[in-house]
Amino acid sequence: MTHRDDPEHAEFVARALSSPLRLRILRLCAFDARTNKELAELLAVNPGTLLHHVRTLVEAGMLAPQPERTGARGAREVPYRATGLSWRSRIPNQSVVIIETVRQQLEGVDPEQVDVSWLGLRLNAEHKAELDQRLYDLLTEFKERGPDPGGDPYSLVVMTHPDLNPPSADADDAADAGGRADPMDNATAREDR
C-alpha cells in the first residue's frame, strides 16, 4: 500500500487515474456514496472486476469508504464517496483518457441532449494563459459551491488544445501588416457551436 508522503504516491495516483472506468467511478461517487454493487450495475461491469478498481481508488485516496449499511437482503454493504482529490491531480496522457471517458459516458445519451461548443481561436501565449486561468477559475468556483440540493447531474468538458490549422500565407501577411489574421473569427464564433 502506498502512502501520501511516499515519493511513489504521485505515480500511483497517476496510474489510478489513467483508467476511463475509474474516472467514471469517481464521477458516480462525486455526490452520492455508492456501493460496489450499485457501481457495477450503473457501469454494466462485473462486480469482481469493479471491486479491483474501487480498491485501487481507495488506496490512491480518491475514494473513501463511508459507514457500513445493510443491503436489501441483509448483506453488509460499504458505500464509497469521491474525496475530490482527483480535481487537481495530473492524469498521464490525460487528453486521450478523458476523451475516451467522455465517449463512454455519452453511449446511449440522446445526442439532442448534448450541448457542445467548439470554437477556433488564434491566441498568443499571454492570451492563451489568460484563457486557461479564467476557465480554471470559473470551473473551480462552481466545483467549490458544491451540489445544488435537488439539482440535476451534468458533466462539463472544456478543452483547449493546439489546432492543426496553420495560418495561410495571406493571414501571415495581414498579421504582419497589423491587421486581424481572420476578420470573421468573431462573426462566426456562434456558428461553430
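Two helix axes count as roughly perpendicular when the angle between them lies from 65 to 115 degrees. This definition will be needed at the third stop of the tour, which concerns a predicted model.

**First stop: the whole chain.** Select the entire protein chain and display it as a cartoon. Eight helices and five strands make up its secondary structure. Tracing from the N terminus, one meets the elements in the order α-α-β-α-α-β-β-β-β-α-α-α-α.

**Second stop: surface and interior.** Keep the chain selected and switch to a surface display. The accessible surface is about 14,300 Å², and carbon and sulfur atoms account for 53% of that area. The chain has 193 residues, of which 22% count as buried. If contacts are counted between residues at least 6 apart in sequence, 62% of them link residues at least 24 apart.

**Third stop: helices α3 and α4.** Return to the cartoon and select residues 36-43, which form helix α3, together with residues 47-59, which form helix α4. How do the axes of these two helices cross? They come within 9 Å of each other, at an angle of roughly 115°. The helices α3 and α4 are therefore roughly perpendicular to each other. Their crossing is right-handed.

**Fourth stop: the contact between the two helices.** Show the side chains of N36, L39, A40 and L43, through which α3 takes part in the contact. Then add P47, L50, L51 and V54, the residues contributed by α4. Which kinds of residue form this contact, nonpolar, polar or charged? Seven of the residues are nonpolar and one is polar, while none is charged.

How values were computed:
Residues numbered from 1 in each chain as written. Predicted model: local features only at pLDDT ≥ 70, side-chain atom pairs only at ≥ 80, totals over all residues. Heavy atoms only, no water. Helix = DSSP H or I, 4+ residues; strand = E, 2+ residues; numbered from the N terminus. Buried < 20%, exposed > 50% of the residue type's maximum accessible area, 1.4 Å probe, protein only. Contact = heavy atoms within 4.5 Å. Areas by Shrake-Rupley, 256 points an atom, 1.4 Å probe, with all protein chains shown as cover. Axes fitted to C-alpha atoms, helices over the stretch in contact; angles between N-to-C directions. Parallel < 35°, antiparallel > 145°, perpendicular 65-115°, else oblique. Left-handed = near helix turned anticlockwise from the far one by under 90°. Nonpolar A, V, L, I, M, F, W, Y, C, P; charged D, E, K, R; others polar.
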